[in-house]
Each structure stands twice: as structure tokens, then as C-alpha cells.
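The following report looks at local backbone geometry, aromatic contacts and annotated positions in one protein chain. Please view the sequence and the structure before reading on.

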Amino acid sequence: MKPDYANHLRGLYIVTPDWDDTAQLLTATELALQNGAALVQYRHKTADPAQRRDQASALLALCRQYEVPLIINDHVDLCLEIDADGIHVGGTDASIAEVRQAVGPDRIVGASCYGTLELAHAAHRDGASYVAFGGFYPSRVKKYDFRTAPEIIAQSKREIALPVVVIGGITLENAPPLVAQGADMVAVISSVYLVPVAERKTRELADLYRS
């Protein structure tokens, strides 16, 4: 039986880079888990189905050791096949309602809402577990055509009874204003996987949520 993580969405949310080296991916992810990562999303845009399945399965086993949920980006079939803890849905993927129906009531379903509160309201109505806004800052990994205003976080917290995830170029230096606005989780790729002294950087990001 999978643990119930849906009511514990708070803290550092790490998203994997497009690494083909599974050993490197697992080593870096375990380091992040040891230093306070609260949620892991497997995202590999260029992997073939076999590699994606192998990496996701290995990450799930690792996350189980640390009692941290694993979210699969986009691929509902993969989420169901390996019995992952949830799915993250982007704006060009299936609808939140369709995904919620496919994965059932107990898995985490995250929704990319970019800079649009209307998308967050719709995601809430359709069964999302959290809403994700961004990008807030220039990103090394993903190019955004817009910049999201930090004020959307507090507005979402007032209007929508769902945790808020923020993403897009987030670092230890620029994350605190977003946390102050009420962000429940900060999602990062580069700031954990693509930095020197990753252990310390991860711990300091996780410390933003340790009172």
C-alpha cells in the first residue's frame, strides 16, 4: 500500500534533469533526499519509453526508502505502471479531470498553471492536489515566454484551497520572497542538480521550510 502523501505537500520539490546516466541521477537524487528534499518529480523529456521506465522505477524505490513521494511528469501510463505516488500535468497534456479519473482519488495530481489564476481555479474544480505557478525568474532549463508576478501566490492562497508550488529559475537567493507570499513548495532543477556543493545548497533550500 502506498503511503498517503497528499496532505503533506510542503517544502523543497526537486525536478530531475534530462540525464541519461541513471547512476548519476540516483546519486544526486539521494543526496538531495538526505538533505531535505520533500518531493521528487521524474521529468526526462528526451528519454525513450524503456529508459523512462527504468529510471522512474529506480527513483521510486529510492524515494520509498526516504518516505518521499515520487511524481511522474506527463506520463499517466508510466505512473500507473510503476505505481508512483502522483502525476504532474502540463498545459499541453491531458486535462486535469481526465488525469484524475485515470489515476484515481488517492494519487497526487499537480497542475501547471503558469501565470494564470483562472487555470488554477479550473484545476481545483477538476481535482488537482496542488497548483504550480511560474516561471518567476529566468531559467537555465526551460525558457518561459512570460514572467509570473509573485503576487499571484498570495492571491491563489486566498481564493483556492490548494497548496501552491512555484517554479522557474528559483535559487536560494530569490526564493524567500515567494515563500513569504505563501508558496508551499519551491520546485527546482538547476539549484540542486546543476550546482557545485549541491549538498549544502539543497539543505539551505529545504531550511526555508524548517521553523
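## Backbone geometry and aromatic pairs

Y114 belongs to strand β5, which covers residues 108–114. The model discussed here is predicted, and in it the backbone of Y114 takes a phi near 55°, a positive value in a residue other than glycine. For context, most residues other than glycine have a negative phi, and most peptide bonds are trans. With a relative accessible area of 23%, Y114 is partly exposed, since the partly exposed class lies between the cut-offs of 20% and 50%.

A positive phi also occurs at D74, which is not a glycine and has a value of about 75°. D74 sits in a loop, between strand β3 (70–73) and helix α3 (76–82), and D74 is partly exposed, with a relative accessible area of 23%. The backbone has a further feature at the peptide bond from G134 to G135, which is cis, with omega near 10°. G135 is placed in the loop that runs between β6 (130–133) and α6 (151–159).

Turning to the side chains, how many aromatic pairs does the ring-centre rule give? The count comes to two aromatic pairs, and they are set out below.

| Aromatic pair | Centre to centre | Angle between planes | Arrangement |
|---|---|---|---|
| Y13 and Y130 | 5.9 Å | 90° | edge-to-face |
| W19 and Y193 | 5.5 Å | 85° | edge-to-face |

The pair of Y13 and Y130 links distant parts of the chain, with Y13 in strand β1 (residues 11–15) and Y130 in strand β6, 117 residues apart. Y13 is buried, and Y130 is buried as well. The pair of W19 and Y193 likewise links distant parts of the chain, 174 residues apart, with W19 in the loop between β1 and α1 (22–34) and Y193 in helix α8 (residues 190–193). Both W19 and Y193 are buried.

What remains is the annotation taken from a record. Which residues does the UniProt annotation "binding site" cover? According to that unreviewed entry, the annotation covers D74 and D93, and such annotations may be inferred rather than shown by experiment. From this set, D93 is taken in by the lining of the second largest pocket. D74, for its part, is the residue described above with a positive phi of about 75°, so that an annotated position coincides with a backbone feature of the model, its relative accessible area being 23%.

Methods
Residues numbered from 1 in each chain as written. Predicted model: local features only at pLDDT ≥ 70, side-chain atom pairs only at ≥ 80, totals over all residues. Heavy atoms only, no water. Helix = DSSP H or I, 4+ residues; strand = E, 2+ residues; numbered from the N terminus. Buried < 20%, exposed > 50% of the residue type's maximum accessible area, 1.4 Å probe, protein only. Phe/Tyr/Trp six-rings, centres within 6.5 Å; stacked < 30°, edge-to-face > 60°. 1 Å grid on protein atoms, 1.4 Å probe; cavity = no way out; pocket = protein on both sides within 12 Å on 5 of 7 lines; lining within 4 Å.
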